[in-house]
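Got the model open in your viewer? Keep the selection box handy, and we'll walk from one stop to the next.

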Amino acid sequence: MFEKILIANRGEIALRVVRACQEMGIRSVAVHSTADSDAMHVRMADESVCIGPPPSSESYLSPLAIISACEITGAEAIHPGYGFLSENASFVQMVEDHGLTFIGPRAEHIRIMGDKITAKETMRALGVPCVPGSDGGVPDVETAKTIAREIGYPVIIKATAGGGGRGMKTARSEGDLEIAFRTARSEAKVAFGNDEVYIEKYLEKPRHIEIQIFGDGKGQAVHLGERDCSLQRRHQKVLEEAPGPVIDAETRARIGAICADAVAKIGYSGAGTVEFLYENGEFFFIEMNTRLQVEHPVTEAIFGVDLVREQIRVASGMPLSFGQDDLVINGHAIEVRINAERLPNFAPCPGLVKMFHAPGGLGVRMDSALYSGYKIPPYYDSLIGKLIVHGRDREEALARLRRSLGELIVDGVDTTVPLFYDLIGEPDIQAGNYDIHWLERWLAQAYA
């Protein structure tokens, strides 16, 4: 087992990893920019190293700064959290070349899944169902039109190196296609330095279902059920729950086994998420995230496992601490992402947190690095906390969520808490009757 782990991240996820290290008796090293010198993960870790100025490109996204921090502190392994360098294959290769351990999958698997076309081809070959679309990148508008006619409109154009909704445009007719194609390529070039795009059939009312998998890197893997992440704004998840309201046990076992078998065949190591669009009883693969997800706590809640602890164990060479038969769902869990944003426009709202009080009680977990007197910097993502509730069933989880939102105090900055109050009062949400377009439609009416 490792003696010292460096955490190449910030905020609540860095604190989450620090806590896992403490429970395992492992010393932790926090890295931070000058803007984060007073951050909670810095205060809680055993050691800390300043790696640069506030811009991410000069600190949290600097491979050399991270590697140097390991050499200075003697850390043996790096936990990337999510975001930043967590899915950067070149960084992982650099970590390995320096004789350090990356707590996650190998560089080759990150590289395969980081390219949407290669990922789709790989998964299709492994027996995972995929969305109808182009076999690879689409070089020009005329080719795009030919493919769109074959699979039928509407279609969606996506950046091969994309994510987060950037480089993604929908065309409902041939008249829309040319503008959508050129806009998607332009956005992709700016965002990712790669203007290659591909085309898929656009599903009208799908749900976003993701399967949590875990591999030991030696040909064994398990799945930990699904999460429903369909409530999204601008392709960014807002609320996640597990298990999914519309997935039954037989369907769960079937798609879970397909995913676990696929990643086992390629020798995948650590946590990963296979993401699907789900419509009319069918699953369509869209991408695989080769890291821990923001919403991993809902899976931890219903299975009673610590995914970060398991990541560290597997990266150190230990076997999985559970098998598929050990993973039995208990109850229902919901997570809401609390952002420092001003409604109704969702404008970032950094500033001084005059008072912070986290909710508590049975089945309540608050993952946040906030504290009273903390100043939220303006340089990073606006996520300031995740409220996770667990109940015996979905009804109890929703009731617990309402109660917990009432206990949460973040004074001094605006947050998205009022949004969740409104959402859980909606009949469609209470019934679990929503798709990936539901929230955008609701917001257009509620915040008009």
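Begin with the lining of the second largest pocket: by class, it has 7 nonpolar, 5 polar and 4 charged residues. Here Ala, Val, Leu, Ile, Met, Phe, Trp, Tyr, Cys and Pro count as nonpolar, Asp, Glu, Lys and Arg as charged, and the others, Gly among them, as polar. The space in this pocket comes to about 220 Å³. To get to its centre, select Phe-102, Gly-104, Ser-269, Val-314 and Ala-315, the closest of the 16 lining residues. Now colour β5 (101-102) and α11 (307-315), since each supplies at least two residues of that lining.

A word on terms. On a 1 Å grid over the protein atoms alone, a pocket is an open set of points with protein on both sides within 12 Å along at least five of seven lines, while a cavity is a set where a 1.4 Å probe fits but cannot get out; lining residues have an atom within 4 Å of a point. Grid points are joined across faces, edges and corners, and a volume is the space filled by probe spheres set on the points. Helices (H or I, at least four residues) and strands (E, at least two) are DSSP runs, numbered from the N terminus.

This is a predicted model, where local features need pLDDT of at least 70 and side-chain atom pairs count only at pLDDT 80 or more, though totals for chains, interfaces and linings use all residues. Residues are numbered from 1 along each chain as its sequence is written, and side-chain values use heavy atoms, with hydrogens and water left out.

**Next stop: the cavity**

How many cavities of 30 Å³ or more does a search of the whole structure find? There is 1, and the space in the largest cavity is about 40 Å³. Select His-79, Pro-80, Gly-81, Ser-86, Ile-103, Gly-104, Pro-105, Thr-290, Arg-291, Leu-292 and Gln-311 to see what lines the cavity. Its lining has 4 nonpolar, 6 polar and 1 charged residues.

Colour by domain now: domain 1 is 4-82, domain 2 is 132-201 and domain 3 is 207-447, with bounds from an automatic or database domain assignment. The largest cavity lies between domain 1 and domain 3, because both give residues to its lining. The C-alpha centres of these two domains are 23 Å apart. Across the boundary, 27 residues of domain 1 are in contact with 25 residues of domain 3, contact meaning heavy atoms within 4.5 Å.

**Into domain 1**

Show the strands as ribbons and look for an open sheet of 5, in the order β3-β2-β1-β4-β5, with parallel pairing. At the edges sit β3 (47-52) and β5, each pairing on one side only. Two strands pair if DSSP finds at least two bridges between them. Pick out β1 (residues 4-7) and β4 (residues 77-79): they run parallel and are joined by 3 bridges. Ile-7 stands opposite His-79 in β4.

Just along the chain, click Ala-75, in the loop between α3 (63-73) and β4. Is Ala-75 buried or exposed? Its 4% relative accessibility makes Ala-75 buried; the cut-offs are under 20% relative accessible area for buried, over 50% for exposed and in between for partly exposed (1.4 Å probe, protein chains only). Leaving aside neighbours within four places in sequence, Ala-75 is in contact with Lys-4, Ile-5, Leu-6, Cys-70 and Leu-100.

**Over to domain 3**

Select β9 (residues 207-216), where 10 of 10 residues are buried. Both faces are covered: Arg-207, Ile-209, Ile-211, Ile-213 and Gly-215 are on one side, and His-208, Glu-210, Gln-212, Phe-214 and Asp-216 on the other. Add β12 (residues 269-279), which runs antiparallel to β9 and is joined to it by 10 bridges. Asp-216 stands opposite Ser-269 there. Also antiparallel to β9 is β10 (residues 221-233), with 6 bridges; Glu-210 has Arg-227 as its bridge partner in β10. The β9-β10 hairpin has 4 residues between the strands, and Gly-217 in that hairpin takes a positive phi near 80°.

Move on to helix α10 (residues 296-303), largely enclosed by the rest of the structure because 7 of its 8 residues are buried. Among them are His-296, Glu-300 and Phe-303. Just after α10, look for Gly-304, with a positive phi of about 70°.

**Last stop: Gly-360**

Find Gly-360 in the loop between β18 (355-357) and β19 (364-367). Gly-360 counts as partly exposed, at 26% relative accessibility. Beyond neighbours within four places in sequence, Gly-360 is in contact with Arg-403 and Glu-407.
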